[in-house]
Amino acid sequence: MGYSGGDFEDPTYQDVCSGQTGHAEVVRVQYNAAHTSYNALLDLFWKIHDPTTLNRQNFDIGTQYRSAVFFHTPEQQILAKTSKGKLESSGQHSNPIVTEITPISIFYMAEDYHQQYFEKNGIGHCS
């Protein structure tokens, strides 16, 4: 868990929550391509959140909760845009997909107390 997509150096959770840093709360995923594909990760991404709500996920509201895919390579960008396009044309959502697809900037690790937040606070999952 961390922060990316903003223009404020070394932000804290309080900085990000102010809405003034431009960062989103993000999860950095490291995976083994021999065991799963980037497309499989994208499929999971679309399923575990609502990509149609601008700056909101469930009860969390603010620009830091925007739906975003931060890509590392041109190939990932193409795959993410293609995946988003398939979801848009599927008719699965009645509202437009607002997920941004953006090159990764600096990833800042969130504070220790913010890591494994759900488990530490007895919450099973976000939805």
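This is a guided tour of the structure above, stop by stop, with something to select at each one.

**The whole chain**

Keep in mind throughout that you are looking at a predicted model. Start with a cartoon of everything: you should be able to pick out 4 helices and 7 strands. Walk along the sequence and the elements come in the pattern β-α-β-α-β-β-β-α-β-β-α. Now switch on a surface. The accessible surface of the chain comes to about 8,300 Å², and carbon and sulfur atoms account for 53% of that area. Of the 127 residues, 31% count as buried. If you like contact maps, take the contacts between residues at least 6 apart in sequence: 64% of them join residues at least 24 apart.

**Helix H3**

Select residues 74-90. This is helix H3, with 17 residues. From first C-alpha to last it reaches 24 Å, close to the 24 Å expected at 1.5 Å a residue.

Which residues of H3 are buried? Show side chains for Gln76, Ala80, Ser83, Lys84 and Leu87, and you have the buried set of H3. Turn the view until you look down the axis of H3: the buried residues fall within an arc of 100°, so they line one face of the helix. The background is simple: an α-helix has 3.6 residues a turn, so residues three or four places apart point the same way.

Next, colour Pro74, Glu75, Ile78, Lys86 and Ser89. Those exposed residues sit on the face of H3 turned away from its buried side.

What do the buried residues of H3 pack against? Add H2, strand S5 (68-71) and strand S6 (100-103) to the selection, and the packing partners are on screen.

Two glycines are worth a click here. Glycine 85 lies in helix H3 and is partly exposed, with a relative accessible area of 29%. Draw a C-alpha to C-alpha distance from glycine 85 to isoleucine 97: the two are 12 residues apart in sequence and 9.1 Å apart in space. Then go to glycine 91, which follows H3 and has a positive phi, near 75°.

**Helix H2**

Select 38-47 for helix H2. Its buried residues are Tyr38, Leu42 and Trp46. Down the axis of H2, these buried residues fall within an arc of 80°, so they too line one face of their helix. What covers them includes S5 and H3, so leave H3 displayed while you look at this helix.

**The salt bridge**

How many salt bridges does a search of the whole structure find? The count is 1. Select glutamate 100 and arginine 66, whose side chains meet at 3.1 Å, N to O. Glutamate 100 is in strand S6 and arginine 66 is in the loop between strand S4 (60-61) and S5, so the pair ties together parts that are 34 residues apart in sequence. Are the two partners buried or exposed? Glutamate 100 counts as partly exposed, at 26% relative accessibility, whereas arginine 66 is buried, at 14%.

**Glutamine 57**

Move to strand S3, where you will find glutamine 57. Its relative accessible area is 17%, under the 20% cut-off, so glutamine 57 counts as buried. Expand the selection to its contacts, leaving aside neighbours within four places in sequence, and you get His49, Asp50, Tyr65 and Ser67.

**Positive phi outside glycine**

Open a Ramachandran plot if your viewer has one. Asparagine 55 has a phi near 60°, a positive value in a residue other than glycine. Asparagine 55 lies in the loop between helix H2 and strand S3 (56-57), and is partly exposed at 23% relative accessible area.

Aspartate 10 is another one to click, with a positive phi near 50°. Look for aspartate 10 in the loop between strand S1 (2-4) and helix H1 (13-17). Aspartate 10 is exposed, with a relative accessible area of 55%.

**A nonpolar patch**

For the last stop, bring the surface back and colour Val27, Val29 and Tyr31. Together they form a nonpolar patch on the surface with about 280 Å² of accessible area. Valine 27 lies in the loop between strand S2 (24-26) and H2, and at 63% relative accessibility it counts as exposed.

Notes
Residues numbered from 1 in each chain as written. Predicted model: local features only at pLDDT ≥ 70, side-chain atom pairs only at ≥ 80, totals over all residues. Heavy atoms only, no water. Helix = DSSP H or I, 4+ residues; strand = E, 2+ residues; numbered from the N terminus. Buried < 20%, exposed > 50% of the residue type's maximum accessible area, 1.4 Å probe, protein only. Patch = residues over 30% accessible without salt bridge, like charges linked within 9 Å, V, L, I, M, F, W, Y side chains within 5 Å. Areas by Shrake-Rupley, 256 points an atom, 1.4 Å probe, with all protein chains shown as cover. Salt bridge = Lys/Arg side-chain N within 4 Å of Asp/Glu carboxyl O. Expected span 1.5 Å × (residues − 1). Arc of directions from axis to C-beta. Contact = heavy atoms within 4.5 Å.
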